[in-house]
Structure formats: C-alpha cells, structure tokens
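Here are a few exercises to work through with the model open beside you. Try each task first, then follow the solution step by step.

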Amino acid sequence: MVNFDFAFLIEVLVGGLLAGVMYSLVAIGFVLIYKTSGVLNFAQGAMVLFAALTFVSLLERGVPFWLSLIITLAVMVILGIAVERVVLRPLVNQPPITLFMATLGLSYIIEGAAQLLWGTQVHGLELGIDDTPFEIAGVLISKFDLVAAAIAAGMVILLTAFFRYTRIGLAFRAVADDQFAALAVGLRLPQIWAAVWTAAGMVALVAGLMWGARLGVQFSLSLVVLKALPVLVLGGFDSILGAIVGGLLIGASEKLAEVYIGPMFGGGIEGWFAYVVALVFLLIRPAGLFGQKLVERA
Amino acid sequence: MSTIATKIWTTPRLRAWLAALALLIVAYGLVPYFGTTYLLEAILTPFLALSLAAVGLNLLTGYAGQLSLGTAAFMATGAFAAYNFNLRIHGLPLTVSLLLAGACAAAIGILFGLPSLRLRGFYLAVSTLAAQFFVQWVLTKFGWFSNNNPSGVIDAPPLSLFGFSFEGPLGRYLFTLTVVVILTAVAQRIVSTQTGHDFIAIRDNELAARVIGIPVLRTKLLAFGLSSFIVGVAGVLWAFAYLRTVEPAGFNLDRSFQIVFIIIIGGLASIRGAFFGAALIVVFPVILSCLGSWLFGGLFDSGILDMSQRIILGLLIIIFLIVEPNGLVALWDRLSQSLSSITASKRNHP
C-alpha cells in the first residue's frame, strides 16, 4: 500500500453511493406497498419496465415530452387501480406468501404485456441530462448521477411531506400501523390500496426514466428488482429512510468490492455481493437498520 | 360380508395405498408399452424431475414454512456434483454419485439455510436468492466445475446401474421414475414421522414449538438439508436424464420460481400436490404452443407467442390463487369426495 491512490478510492466511493441512490429509487416503490398492505411486490421491476417502455414508445411516436409523461402517469394510475380491483381484492386475508406469488404472476403479465405492446427492441432514452463527468477536488463525478440523486432526494421529501401533511397520507400511515383499527375508524382499504399502488407506479416511472436513460429501455430493466431486494433486506421492508440508507450502503460496498476484491475472483461478483453484504449485516444485527425493532424480522 | 369389504375399501389409508399401487402399475407396466418417444422424453421425464424438486421444496416451504427462492441453485449443485464425482472418481457407481450429489446439495442447503436461524418470512426468502446468484456465479466462473469446457456446457455421462444400462428415452424414463418413486416414498415417510410434525409445528407457531421442546434451530437446518438433498437429486435427474447436458444457465432464477409455482399451484404441504403442480406446469406450455400454432398458424412470430405464453402463465397463476388457494390437491380431494358421496347415495337408494 505504498502508492495507494486515495483520490481513486474517493471516486469509487462516490460513484458507488450515487449508484446506490439508483437502487433506492426502485426500493422505495417496494416500501410503499409493503408498508400499507404487507405485500412484497415482486412486480415492481416489471412496473419500472412498463412505465419506461410506455414513456419511450410515446416519445418515439412524436408525442411531446410532457404529454408523454402525463399519459404514462395516467396509465400507471389505471394499472394501480386495476391491480387492486382484479388481484388484491379477491385475495384479501390470504397469507403473505400467496400475495407474493400473485405479484410474481403479475410481473409475468406486465412484462409480457409491455413487450407485446411496444416490442422487444432496445430503446434509447435521452432526458437531456448530459452524462459527462466533471471534477471536484480531483474526483470525477458523473453529472447524471448527481441529477439522479437530486431527483431521489426530491422524491423522498415529497413522499415524506405527503405522508405527514395530507389526509390521504395520514390514512396511509393509519393502515400501515393497524389495518383493523383503520377499518374500524372508517377508512376504505380498497381505495387506499389502489392509491398506494398508484403511488408505487409513479415511483416506478421515475425509477424507469432514470434507469432507462442509463441502460437503455429494454427487458433487463425489470431485473433491477434483484438489485433492490438486498437493499430492502438491509434497510427493512417498511422504511423509506431504510431504503435510502440501505441503497447507499449497498451501492458503496458493491462498487468498492468490485474494484478492490473483484479482480481476485476474476470479476463478475456484483450479481451476488449485495446479498452477502445484507446477510452478513443481518447476522450481526437481525433487526436491520430501520423498521420495527420490537418485532423480530417476520 | 360386503359391508366389511366396503368399510375396508373406504378407509383412507388403504385407499391411498391402492391408489399408489395402481399408479405404479400404470407407470411401470403400461406407460413403457404405450408411451411414444415424445411423451417419454419431452413430457414424462421432465415432469418427474420437476415433481421431485417440488417434493423437496415442499418439505422446506410447505411443511417447515421456510420460503426458498434458491431451488435451482441446489439443483445445479446436485447436477454439477454428480458430474464431477462421475468424472473424477473412476468406476464410481451411479447410485453412489447420486447420493453424494444429494449430500453436496444438502451441505450447500444447510449453509444457505443458516440465515433462517435469524430471519423469517420474506427476509429469509430474499436471502435464499443469495444462494441462487452465488452458486450460479461459482459454477460459471470456475472452469474446474465444468472440467474446463470452454462453452461451459458438458455432456451428461451415460446412466447405468448395477451393470444395467438405461439407454434411450425409455431407459431414462425408467431410471428417473425409479429414483423419484424411492425419494417420494422417503419424503412421505418423513412427513408422517416426528420430524415431519416438528416441521409443521415450526411453520405454524415457532414460539409454541420451542415451548414444547422442539429444537427449532436444528429442525430448521434439518429441513434445509433434507429438502436440498431431494432437490439436488432432482437436479441430477433434470440434467442427466432430461437435458443430457449440464450447464449453469439451465438452473437460473426462472427455474427456481417455476418450482415455487409448482408447489403453490399443486398445494402447499402436500406430497401429491407437487406432482399435480408439475403436471400442469409441464403440460400447459405444450398445450398452449400447440393451440397457438393450430389457431394462428404462422400468423405471429415466435416472439409474440412467447410473450403471450408468459402473460397467460401469469394470469393462470393469479386465477389459481384466487379460485383455489389451497391448490390442485384441494380441488382433487373435493372432486373425489363428491364422487364417492354420489356413489354412496346410489348404493343406499338403488
């Protein structure tokens, strides 16, 4: 370690943290749904793909940017309501594993439908953010990553404000706290679930746009779900803050491992390293980072 | 006299035995004579291998209540272990390498089951994904496992047992059938012993299980071990008897989900359910593609058919969960019950 490149370490770290923000973007969609309905929504990745693919396809057909955004949002709202009506409502009171399986089926349907509608080719997505890295104190930082981080921060602030200051946000929190009590005071669960799925759809759109601009809009976009899962295990399925911090931790450790440990094994470790980080962390601290501390992880 | 005969006939235990016997007679006696090569090779062999994997997963998920999403990893472990034992130890009988492969899968299963001591539910399910990605990575990354074959795809060795060689579609079918029958009998035995009851107790109420003196940690790891053993052997069958090649890509996440689908559709905590579910999952795509080509001919390309198949599979899963959350087994039991009550009422009022 004579000529250890410290600036390079910082650069890798910052790059990892910013990549982690991208994971958090996806993870937040999970948290919203898990918090209010106890469903681990495996279809979140498919929703990311669907939103991004719809948006890009509209753009390519000459629809202006803002109109495409609004139409895609409307589509995600309809999707959220449809999911509540067709899938969730008939499955009320089923065990969580059944609901999880239902979202797996749902992800097949959404992925299939998205590609049947819009085709399977890769679409480029240009959001007008240039991806040229610039230098701060000798450390190269991607501008795109910074914008992504800013958007994620904005979304978290918006969601927090929404949960804290609006009536429907209050209703969300009530349902998350105790479904029976929420029902007893007259909250309508079906409406709230539809609203939550809609919100998750909007988060999926934001995540889809950022990831799509990064990777191109294609089928592999729905696999970001696999990147978000260790983040959730680490941060807790029911904590938005956990999703952010978990994302940062996973992103940073993954990048560091890729650069410093990866070459020892010949690379390619990013597929599983995040899971190992999450597992090791949980073995030391089973309650996770955030989330309910009283109850064991159940 | 006739009443006694009816009574014996109606005891569920005897009926189950007779049904199993009838199935065995059909599987060993009739199928080899009337089954076409296509039926044996493309339907029955994968059906049996997947059923066995589902039986294994059902021990863990259905009975012991630990959801695992890494089944394909344990199948891959079994397949690659058997291949390497066969390759590296000369003249090793197939039975031994099957057992050793199962043991390897069990060891890996116990290793990745360790988080179950602290995690529950979805947290555990997600952590079993670690097994899925890690095992697949190891098998593709290190050439030693595939004997440094550049393509990573290796041919399966010929199947022979006690000097008797299982060649051709029929031989491979019979080999698969025999292994599946033996391991299914073992699994059926396990769930009816104290161990099986311990599994169920842990699934239903872990705290209560601990209170009545069940060693929870050991039982959970035992569930992971037994389940992975069976799944590992199923992986050997899948690779050696059905695909006849061994490659990590065949054991991806989709395969893991497929096995989970099988036990959900068939019925959780039911050995029979694994077979029902596997039958549906194997036969369904065949019917669908036949139907597709018959209805639309060459109208659409295979990509569209592929997508439609995906959509229909997803729909089917959701519909199944809504209509029959207890699986095909519950449907079957209700049907046979109503049938027998119809015949009984006919007998009483001729």
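**Exercise 1: two loop residues of chain B**

B:Arg244 sits in the loop that links helix H10 (216–243) to strand E4 (245–246) of chain B. Helices (H or I, at least four residues) and strands (E, at least two) are DSSP runs, numbered from the N terminus. The model is predicted: local features need pLDDT of at least 70 and side-chain atom pairs count only at pLDDT 80 or more, while totals for chains, interfaces and linings use all residues. Residues are numbered from 1 along each chain as its sequence is written, and chains are lettered from A and ligands numbered from 1 in the order in which they are written.

Task: describe the phi angle and the burial of B:Arg244, then do likewise for B:Ala269.

Solution.
- Step 1: B:Arg244 is not a glycine, yet has a positive phi of about 65°.
- Step 2: A residue is buried if 20 or more other C-beta atoms lie within 10 Å of its own, exposed if 12 or fewer, and partly exposed in between, with C-beta atoms placed from the backbone. B:Arg244 has 14 other C-beta atoms within 10 Å, so it is partly exposed.
- Step 3: B:Ala269 belongs to the loop between helix H11 (253–266) and helix H12 (271–296) of chain B. B:Ala269 is not a glycine either, and its phi is positive at about 55°.
- Step 4: B:Ala269 is buried because 21 other C-beta atoms lie within 10 Å.

**Exercise 2: two helices of chain A**

Task: compare the span of H1(A) with its expected value, and do likewise for H8(A).

Solution.
- Step 1: The expected span of a helix is 1.5 Å times one less than its number of residues.
- Step 2: Helix H1 (residues 6–37) of chain A has 32 residues and reaches 46 Å from first to last C-alpha, close to the expected 46 Å.
- Step 3: H1(A) has a kink of about 25° centred on A:Val26, where the bend is the angle between axes fitted to the seven residues ending there and the seven starting there. Just after H1(A), A:Gly38 takes a positive phi of about 65°.
- Step 4: For the 27 residues of H8(A), 39 Å is expected, and the end C-alpha atoms lie 37 Å apart, which agrees.
- Step 5: Of those 27 residues, 22 are buried, so H8(A) is largely enclosed by the rest of the structure. A:Gly216, just after H8(A), has a positive phi of about 85°.

**Exercise 3: the core and the interface**

Task: which residues of the largest nonpolar core touch the most other members, and how many residues of each chain are in contact with the other?

Solution.
- Step 1: A nonpolar core is a set of buried Ala, Val, Leu, Ile, Met, Phe, Trp, Tyr and Cys residues joined through C-beta atoms within 7 Å.
- Step 2: The largest core has 199 residues, and A:Val48, B:Leu52, B:Ile230, B:Val233 and B:Leu237 touch the most other members. Helix H8 (residues 189–215) of chain A gives the most to this core, 18 residues.
- Step 3: Two residues are in contact if their C-beta atoms, placed from the backbone, lie within 7 Å. Between the chains, 39 residues of chain A are in contact with 32 residues of chain B.
- Step 4: On the side of chain A that touches chain B, H4(A) has the largest share, with 15 residues.
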